[in-house]
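Work through the following exercises with the sequence and the model open beside you. Each task is followed by a solution that goes step by step.

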Amino acid sequence: STLFPYTTLFRSASVSIYQEIGPWLQEWDLNDITTWNGVQTALNLETNEIRVIGFEVYNGNFRGTFPEEFCQLTELRRLVLGGGQMGGSIPNNIGKLKNLIYLCVAGNNVGGYIPESIGELTKLQELQLMDNQICGSIPESIGNLVNLEYLYICRTLVSGELPKSLANLNKLQIADLHKNRLSGVFPIEILKDSVFIECEDNNITELPFEVWNDSLTCIPPVLKRNRLSGLIPEWVKETKKWNKYASICISLQQKNYGYSNYSHKEEN
């Protein structure tokens with residue numbers, strides 16, 4: 001029991017979530033919120049009601065499908081669903097969670113697309129979508145996440161070209177997008193001198209040679225084991241940036257791909 005009332009919506013949504021994908025860690029007593037492990041609550045001083053502000057479980061052994069009821073918990077700051085066999089897809093109305101600063105869906109069987117409404121989570125500082133069956137392209141709306149610092153979309157079935165709207169993320173420090181099915185031309189306009197972009201193990205076919213120009217201060221993306229090919233212009237090999245980053249960023253490509261005039265001797 002608790003000294004303070006909790007909203008009917010908070011209780012009913014939390015119970016529905018538990019019944020759909022639980023139990024995790026230790027079983028809940030549905031009548032005693034002090035046993036609701038993984039859930040963080042806070043008292044709303046104006047209404048004297050308890051609200052859920054966090055759901056954070058990293059090794060939950062989840063089952064069932066991604067509960068739509070999460071989108072009713074609009075005071076959530078942190079939502080972490082890590083580990084298990086949970087299927088379904090990220091709800092289309094995930095954008096209702098406008099207070100989220102950290103969203104992690106990892107190590108489950110979640111499929112479907114990344115919903116466009118994810119761009120409405122404008123307070124988000126870190127987004128992790130890893131080790132799932134998520135597919136389709138990364139929505140352009142991701143460029144609306146103006147407070148995003150860390151982006152991890154790794155080891156999924158995400159495909160298509162990288163959205164140019166990533167250039168809008170002025171606070172971004174790391175974008176780890178390795179081991180997906182991304183393709184097409186890498187958009188160098190998303191590169192900045194303070195951003196590290198990791199795109200190993202994708203199907204990207206072109207990195208504009210302009211990226212190697214020493215007058216551009218951006219760090220080249222890591223594109224090992226992609227599908228880069230063609231001829232490297234001689235001027236590129238003479239740049240400081242090429243000598244510093246080529247072996248790190250583009251040396252190894254997929255079988256039957258690679259620049260025809262790239263020599264591994266150049267790495268020494």
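**Exercise 1. Pairing in the sheet**

In which sense do strand β3 and strand β4 pair, and over how many bridges?

*Solution.* Before starting, note that this is a predicted model, in which local features need pLDDT of at least 70 and side-chain atom pairs count only at pLDDT 80 or more, while totals for chains, interfaces and linings use all residues. Residues are numbered from 1 along each chain as its sequence is written, and side-chain values use heavy atoms, with hydrogens and water left out.

Step 1: recall that strands of a sheet pair through backbone hydrogen bonds, either parallel or antiparallel. Helices (H or I, at least four residues) and strands (E, at least two) are DSSP runs numbered from the N terminus, and two strands pair if DSSP finds at least two bridges between them.

Step 2: locate strand β3 at residues 78-82 and strand β4 at residues 102-106; the two pair in the parallel sense over five bridges.

Step 3: check individual positions, where L81 stands opposite V105 in β4 and the bridge partner of G82 is A106.

Step 4: go on to the next strand, since β4 and β5 also run parallel and are joined by five bridges, with Q128 in β5 as the bridge partner of C104.

**Exercise 2. The two sheets**

What is the strand order of the open sheet of eight strands, and which are its edge strands?

*Solution.* Step 1: follow the order β1-β2-β3-β4-β5-β6-β8-β10, in which the pairing is mixed.

Step 2: look for strands that pair on one side only, and you find β1 (39-44) and β10 (196-198) at the edges. Neighbouring strands of this sheet are turned by 15° against each other on average, direction ignored (axes are lines fitted to C-alpha atoms, for helices over the stretch in contact, and angles run from 0 to 180 degrees between N-to-C directions).

Step 3: turn to an open sheet of three strands, which has the order β7-β9-β11 with parallel pairing. Its edge strands are β7 (159-160) and β11 (203-206), and strand β9 (residues 181-185) pairs with β11 over three bridges, V185 standing opposite E206.

**Exercise 3. Buried or exposed?**

How many residues of β4 are buried, and which way do they point?

*Solution.* Step 1: apply the cut-offs, by which buried means under 20% relative accessible area, exposed over 50%, and partly exposed in between (1.4 Å probe, protein chains only).

Step 2: count along the strand, where five of its five residues are buried. Y102, C104 and A106 point one way from β4, whereas L103 and V105 point the other way.

Step 3: compare this with N108, which is found in the loop between β4 and β5 and counts as buried because its relative accessibility is 3%. The side chain of N108 reaches the backbone nitrogen of G84 at 3.4 Å, a polar contact (a pair of N or O atoms within 3.5 Å; within protein, one must be able to donate a hydrogen and the other to accept it, and residues adjacent in sequence count only if both atoms are side-chain atoms).

**Exercise 4. Aromatic pairs around F55**

Why is the pair of F55 and F70 edge-to-face?

*Solution.* Step 1: state the rule, by which rings of Phe, Tyr and Trp (its six-membered ring) pair if their centres lie within 6.5 Å; planes under 30 degrees apart count as stacked, over 60 as edge-to-face and the rest as tilted. By this rule the count comes to 12 aromatic pairs.

Step 2: begin with W24 and F55, an edge-to-face pair at 5.2 Å centre to centre with 75° between the planes. W24 lies in the loop between α1 and β1 and F55 in strand β2, 31 residues apart.

Step 3: now take F55 and F70, whose ring centres are 5.1 Å apart and whose planes stand at 80°, so this pair is edge-to-face. F70 lies in the loop between β2 and β3, so the pair ties together parts that are 15 residues apart in sequence.

Step 4: test the burial of both residues, since F55 counts as buried at 2% relative accessibility and F70 is buried with a relative accessible area of 0%.

Step 5: place these pairs in a wider setting, because ring pairs link Y18, W24, W28, W36, F55, F62, F66 and F70 into a cluster.
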